[in-house]
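Me: I have a structure open and I'd like to learn how to read it. Could you walk me through a few features?

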Amino acid sequence: MTVIAFDDFGTGYSSLSYLHRFPIDTLKVDRSFIQRVDIDGEQLAIVRTIITLAWNLGMEVVAEGVETPKQLAQLRSLRCEYAQGYLFSQPRDVQAIEPLLTQELEQGQFKPFGNRSV
């Protein structure tokens, strides 16, 4: 199954018009929105809106740049199901990540990506 993700949504060249032009499965909320989601009500509102938009279009949502437990708690309160960032792990090379992923998959720690039921 091929999954197409729209990375850094809400910044740079991203545009709402692209959501209909391309077969996008996933929106990745840019870390610039996530950095202050736990202390800035406007950022929280923007992230909530992006999540709602994605769900209404049948897409998954990934929050990028999650660095604190408070940010994660806010995202959980918005029912954002996927997140990535330094809170979970620093970037790693293929040789370091492969054994970790294999172990986590065998223990059932990860849920499949791209299978959220609406």
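Reply: Sure, we'll look at a helix, a pair of strands, the core and the salt bridges. Keep in mind that this is a predicted model.

Me: Let's start with helix H4. Which of its residues are buried?

Reply: For a helix, sort the residues by burial and then look down the axis. In H4, which spans residues 69-77, the buried ones are Gln-71, Leu-72 and Leu-75. Looking along the axis, you'll find them within an arc of 100°, so they line one face of the helix. Pro-69, Lys-70 and Arg-76 are exposed on the other side of H4.

Me: And what covers the buried residues of H4?

Reply: The cover includes helix H2 (31-34), helix H3 (41-56) and strand S3 (60-63). Just after H4 comes Arg-79, and its phi is positive, near 65°.

Me: How do I read a strand such as S2? Which way do its residues point?

Reply: Here's the general idea: side chains in a regular strand alternate between the two faces of the sheet. In S2, Thr-26 and Lys-28 point one way, while Leu-27 and Val-29 point the other way. All of these are buried.

Me: How many bridges join S2 to S3?

Reply: Four, and the two strands run parallel. One pairing to find is Thr-26 with its bridge partner in S3, Glu-60.

Me: Now the core. Which residues have the most contacts inside the largest one?

Reply: That core holds 21 residues, and the ones with the most contacts inside it are Leu-27, Val-29, Ile-34, Val-47, Ile-51, Val-61 and Leu-75. The elements giving two or more residues are S2 (26-29), H2, H3, S3 and H4. H3 gives the most, with six residues. Try clicking on Ile-51: beyond its neighbours within four places in sequence, this residue touches Val-61, Leu-78 and Cys-80.

Me: Last topic: how many salt bridges are there?

Reply: The count is three. For each one, check the distance, then where the partners sit. Glu-64 pairs with Lys-28, their closest N and O atoms being 3.7 Å apart. Glu-64 is in the loop between S3 and H4 and Lys-28 is in S2, 36 residues apart. Both partners, Glu-64 and Lys-28, are buried.

Me: What about Glu-67 and Arg-31?

Reply: Their closest N and O atoms are 2.6 Å apart. Glu-67 is in the loop between S3 and H4 and Arg-31 is in H2, so this pair ties together parts 36 residues apart in sequence. Glu-67 is partly exposed, at 35% relative accessible area, and Arg-31 is partly exposed at 34%. Finally, Arg-36 and Asp-40 meet in a salt bridge at 3.8 Å, N to O.

Methods: Residues numbered from 1 in each chain as written. Predicted model: local features only at pLDDT ≥ 70, side-chain atom pairs only at ≥ 80, totals over all residues. Heavy atoms only, no water. Buried < 20%, exposed > 50% of the residue type's maximum accessible area, 1.4 Å probe, protein only. Arc of directions from axis to C-beta. Contact = heavy atoms within 4.5 Å. Core = buried A, V, L, I, M, F, W, Y, C linked by side-chain atoms within 4.5 Å. Pairing = 2+ DSSP bridges. Salt bridge = Lys/Arg side-chain N within 4 Å of Asp/Glu carboxyl O.
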